[in-house]
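Student: I should like to go through this structure and ask, for each term applied to it, what justifies the term.
Tutor: Then let us begin with the display and proceed term by term.

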Amino acid sequence: MTQLTAAQTAQKKPSDGGRTLYGGKGTRRITVRDIAAAKERGEKWPMLTAYDAMTASVFDEAGIPVMLVGDSAGNCHLGYESTVPVTLDEMTMLSAAVVRGTSRALIVGDLPFGSYQEGPVQALRSATRLVKEAGVQAVKLEGGERSHEQIRLLVESGIPVMAHIGLTPQSVNAMGYRVQGRGEEAAQQLLRDAKAVQDAGAFAVVLELVPAELAAEVTRVLHIPTVGIGAGPETDAQVLVWTDMLGLTGGRVPKFVKQYVNLREVMGDAVKAFADDVVGGTFPQEEHSVH
Ligand code: KIV
């Protein structure tokens with residue numbers, strides 16, 4: 001299938017009544033069927049992480065069709081050093097906030113480390129919490145062949161699953177933060193992982209930090225969409241961690257991140273201006289006062 005340019009996508013009138021994932025008008029949430037139809041049309045789409053209601057509402061109004069309540073919340077929202085300590089209680093609370101802040105986007109809740117590795121039954125119990133208590137429409141979990149039984153049971157139980165292969169940050173203690181799929185053997189394993197999650201019923205798969213050529217091959221071979229992060233330009237969708245993309249993250253961000261604004265600087269300058277006004281006695285003024 002051929003990829004469309006952004007202009008072609010905007011002109012296209014798909015069979016579901018003119019609805020495109022990004023830029024389409026909608027009065028209901030995006031569903032996994034819409035995601036499958038976008039792959040059929042060759043339409044690329046953006047995904048962002050979100051961890052709270054207010055930020056998620058900004059992304060929803062901007063037309064972001066899929067949001068991931070990622071366990072990257074560990075580093076980006078909760079002050080942990082990695083995703084490993086994040087708990088299911090924390091993911092449930094954050095996911096519920098994102099669902100409340102949105103009305104159009106498909107919300108994917110991440111299953112944190114330790115909430116599905118024991119096996120399919122544990123995975124179903126954890127995913128059920130995210131669906132029932134938080135109201136997410138889908139869940140994500142890490143692992144290819146090693147997680148296919150979990151994916152299969154969730155899908156059979158009616159819970160759409162986004163898979164995640166390549167670099168899987170919950171395994172940082174075993175694999176570090178390194179490019180995955182380099183070399184023939186590793187590339188073949190990545191392809192096996194991709195096919196395994198598709199066969200198990202995943203509706204999409206995240207490819208994290210894999211060579212662009214390999215991500216392009218996986219995207220050609222699969223009939224479900226690939227969502228790239230550090231995986232080059234050929235995947236069906238692209239995801240970024242919002243605090244990286246909007247420049248709120250302190251310190252270094254990965255090479256694959258494009259920073260669209262420096263929110264850390266914008267916010268820091270505004271906070272200093274407020275503090276200066278208070279210290280200098282120029283805030284509040286008459287218009288900010290009640291009588
Ligand atoms: O937790 C997360 O934000 C993720 C994305 C990087 C895909 O898994």
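**Terms and their grounds**

Tutor: The model is predicted, and we may start with Ala-56, which lies in helix α3, spanning residues 53-61.

Student: Why is Ala-56 called buried?
Tutor: Its relative accessible area is 0%, and buried means under 20%; Ala-56 therefore counts as buried.

Student: How far is Ala-56 from Ala-97 in sequence and in space?
Tutor: The two are 41 residues apart in sequence, and their C-alpha atoms are 8.6 Å apart.

Student: Where is Ser-95, and is it buried or exposed?
Tutor: Ser-95 is in helix α5. Its relative accessibility is 0%, and the limit for buried is under 20%, so Ser-95 counts as buried.

Student: What makes the approach of Ser-95 to Met-91 a polar contact?
Tutor: The side chain of Ser-95 reaches the backbone oxygen of Met-91 at 2.6 Å. The cut-off for a polar contact is within 3.5 Å, and 2.6 Å satisfies it.

Student: Which residues surround the ligand?
Tutor: The shell consists of Thr-49, Leu-68, Gly-70, Asp-71, Ser-72, Asp-110, Lys-140, His-164, Val-206, Glu-208 and Ile-229. By class, these divide into 3 nonpolar, 4 polar and 4 charged residues.

Student: How do you know that Ser-72, Asp-110 and Lys-140 make polar contacts with the ligand?
Tutor: In each case a polar side-chain atom is paired with an oxygen atom of the ligand: the distance is 2.5 Å for Ser-72, 3.3 Å for Asp-110 and 3.0 Å for Lys-140. The cut-off is within 3.5 Å, so these pairs qualify as polar contacts.

Student: How much of the ligand does the protein bury?
Tutor: Taken alone, the ligand exposes 260 Å², and the protein buries 95% of that. As for its location, the ligand sits in the largest pocket.

Student: What makes Asp-110 a buried residue?
Tutor: Asp-110 has a relative accessible area of 1%; since buried means under 20%, the term applies to Asp-110. Asp-110 is in strand β3, residues 106-110.

Student: Which protein atoms does the side chain of Asp-110 approach?
Tutor: A polar atom of this side chain lies 2.8 Å from the backbone nitrogen of Asp-71. The side chain of Asp-110 also makes a polar contact of 3.0 Å with the side chain of Lys-140.

Student: Why is Thr-83, in a loop, called buried?
Tutor: The loop in question runs between α4 (73-76) and α5 (88-100). The relative accessible area of Thr-83 is 4%, and the limit is under 20%, so Thr-83 is buried. Its C-alpha atom is separated by 7.6 Å from that of Pro-112, 29 residues apart along the chain.

Student: Why does Leu-209 count as buried?
Tutor: Leu-209 has a relative accessibility of 18%. The definition requires under 20%, so Leu-209 counts as buried. It is found in the loop between β6 (204-208) and α10 (212-221).

Student: What is notable about phi of Leu-209?
Tutor: Phi of Leu-209 is near 50°, a positive value in a residue other than glycine.

Student: What kind of peptide bond joins Phe-283 and Pro-284?
Tutor: A cis peptide bond, with omega about 0°. Pro-284 is in the segment after α12 (263-280).

Note on methods: Residues are numbered from 1 along each chain as its sequence is written. This is a predicted model: local features need pLDDT of at least 70, side-chain atom pairs count only at pLDDT 80 or more; totals for chains, interfaces and linings use all residues. Side-chain values use heavy atoms; hydrogens and water are left out. A residue is near a molecule or strand if one of its heavy atoms lies within 4 Å of it. A polar contact is a pair of N or O atoms within 3.5 Å; within protein, one must be able to donate a hydrogen and the other to accept it, and residues adjacent in sequence count only if both atoms are side-chain atoms. Accessible areas come from the Shrake-Rupley method with a 1.4 Å probe; for residues, only the protein chains shown count as cover. On a 1 Å grid over the protein atoms alone, a cavity is a set of points where a 1.4 Å probe fits but cannot get out, and a pocket is an open set with protein on both sides within 12 Å along at least five of seven lines; lining residues have an atom within 4 Å of a point. A molecule sits in a cavity or pocket if more than half of its atoms lie within 2 Å of its grid points. Ala, Val, Leu, Ile, Met, Phe, Trp, Tyr, Cys and Pro count as nonpolar, Asp, Glu, Lys and Arg as charged, and the others, Gly among them, as polar. Helices (H or I, at least four residues) and strands (E, at least two) are DSSP runs, numbered from the N terminus. Buried means under 20% relative accessible area, exposed over 50%, partly exposed in between (1.4 Å probe, protein chains only).
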